[in-house]
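The report below follows one buried side chain outwards to its helix, its chain and the chain's partner. Salt bridges and a loop residue of the partner chain come last.

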Amino acid sequence: MKFSDFICRDAIRANMAALDKEGAIREMVQSLVDAKRVNATEFESIVKAILKREELGSTGIGRGVAVPHTKHPSVDRLIGTVSVSSAGVDFASLDGETVNLFFLLISPPDRPGDHLRALENISRQLRDDTFCRFLKQAKAPQDIALLLDEADNHQFGS
Amino acid sequence: MSEPALKRTVIVANREGLHARPAVLIAKEARKFDARVVIAKGLHEVEATDVLQLMSLGAAQGEQLSLEGSGIEGREAVEAIEQLFLKKFDED
């Protein structure tokens, strides 16, 4: 699976304003609403579901990366977005570090395989330190989109 | 001198496979021991302490993985991680 298969380009954000977990999640889901990939009426329900998932254990997986996610019946296929925070967000990560790089995923309830393949793709690509560093340093959504395209084309780390 | 390596084979039994939550559980468990545990899917080998590496296996339900422990607590570490797989990470 490639980033282009699930990342909504219009929802990519380079300057996350939020400094806490809930704010970060709200901002990312809002970006999917703004990009018309998620219905505005589903906003609160999706945010709540993602926060509930975080209560089971933070998706801050270390190295400044988090993958907040949920299943939600309002989507008919896996969708996701990327946000970068230059300030860093306290996400209760495994390694205690703040998070600069977020991949948020929403998948239909009956498609666990797609979610797993998206995580596989994200984690394989992020093993490339250069790719990971460039993403965290990105200043504009276009820069992030370009980096994701490059990763798709070269398949770093796979 | 380190203890001899211990190898075990496990099956991913939970429906959703080795997604973020199981990966975090494995990494947390692996970090409790003075040991190195390598988890492999075929030729793809990763460190059990690293969530990102674990997720990169993309291990789905029904897939077979091997666990190999080394170091002073290698055996205990492998057995503890094997238990997580056996109880399906408390999912399903």
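Leaving aside neighbours within four places in sequence, Ile81(B) is in contact (heavy atoms within 4.5 Å) with Ile26(B), Glu29(B), Ala30(B), Val37(B), Ile39(B), Ala48(B) and Leu67(B). Ile81(B) itself belongs to helix α3 of chain B, residues 74–86, where helices (H or I, at least four residues) and strands (E, at least two) are DSSP runs numbered from the N terminus. With a relative accessible area of 0%, Ile81(B) is buried; buried means under 20% relative accessible area, exposed over 50%, and partly exposed in between, with a 1.4 Å probe and protein chains only. The C-alpha atom of Ile81(B) is separated by 12 Å from that of Leu6(B), 75 residues away along the chain.

This is a predicted model, in which local features need pLDDT of at least 70 and side-chain atom pairs count only at pLDDT 80 or more, while totals for chains, interfaces and linings use all residues. Residues are numbered from 1 along each chain as its sequence is written, chains are lettered from A and ligands numbered from 1 in the order in which they are written, and side-chain values use heavy atoms, with hydrogens and water left out.

Three of the contacts of Ile81(B), namely Ile26(B), Glu29(B) and Ala30(B), are also among the buried residues of α1(B). That helix is mostly covered, nine of its eleven residues being buried. Chain B as a whole has three helices and four strands, arranged along the sequence as β-α-β-β-α-β-α. Of its 92 residues, 52% count as buried, and among contacts between residues at least 6 apart in sequence, 73% join residues at least 24 apart. The C-alpha trace spans about 40 × 25 × 20 Å along its principal axes. The radius of gyration of chain B, taken over C-alpha atoms, is 12 Å, which agrees with the value near 12 Å for a compact globule of 92 residues; the globule rule is 2.2 Å times the number of residues to the power 0.38.

Chain B also meets chain A, with 22 residues of chain B in contact with 20 residues of chain A. The area buried between them, meaning the accessible area (1.4 Å probe) that the two parts lose on being put together, summed over both, is about 1,800 Å², of which carbon and sulfur atoms give 64%. In chain B, Glu16(B), Leu52(B) and Met55(B) lose the most area to chain A, together 33% of what that side buries. Across this interface the rule finds two salt bridges, a salt bridge being a side-chain nitrogen of Lys or Arg within 4 Å of a carboxyl oxygen of Asp or Glu. Glu16(B), one of the residues that lose the most area, forms a salt bridge with Lys71(A). The elements that give two or more residues to the side of chain B that touches chain A are α1 (20–30) and α2 (51–55) of chain B, and the largest share, five residues, comes from α1(B).

Over all chains the count comes to 19 salt bridges, and four of them are set out here with the separation of their N and O atoms.

| Salt bridge | N to O separation |
|---|---|
| Glu16(B) and Lys71(A) | 2.2 Å |
| Glu91(B) and Arg21(B) | 2.9 Å |
| Arg26(A) and Glu22(A) | 3.0 Å |
| Glu44(A) and Arg26(A) | 3.0 Å |

Arg26(A) thus appears with two partners, Glu22(A) and Glu44(A). Arg26(A) and Glu22(A) both lie in helix α1 of chain A (residues 21–34), four residues apart, about one turn of the helix. Glu44(A), in contrast, lies in helix α2 of chain A, 18 residues from Arg26(A). Relative accessible areas of 27% for Arg26(A) and 38% for Glu22(A) make both partly exposed, as is Glu44(A) at 36%. In chain B, Glu91(B) in the segment after α3 and Arg21(B) in helix α1 are 70 residues apart, and these partners are buried, at 17% for Glu91(B) and 19% for Arg21(B). Arg8(B), Arg75(B), Glu79(B) and Glu82(B) are linked in a network of salt bridges.

In chain A, Thr59(A) is found in the loop between α2 (43–55) and β1 (60–62), and is buried, with a relative accessible area of 1%. Its contacts beyond four places in sequence include Val65(A), Pro68(A) and Phe91(A).
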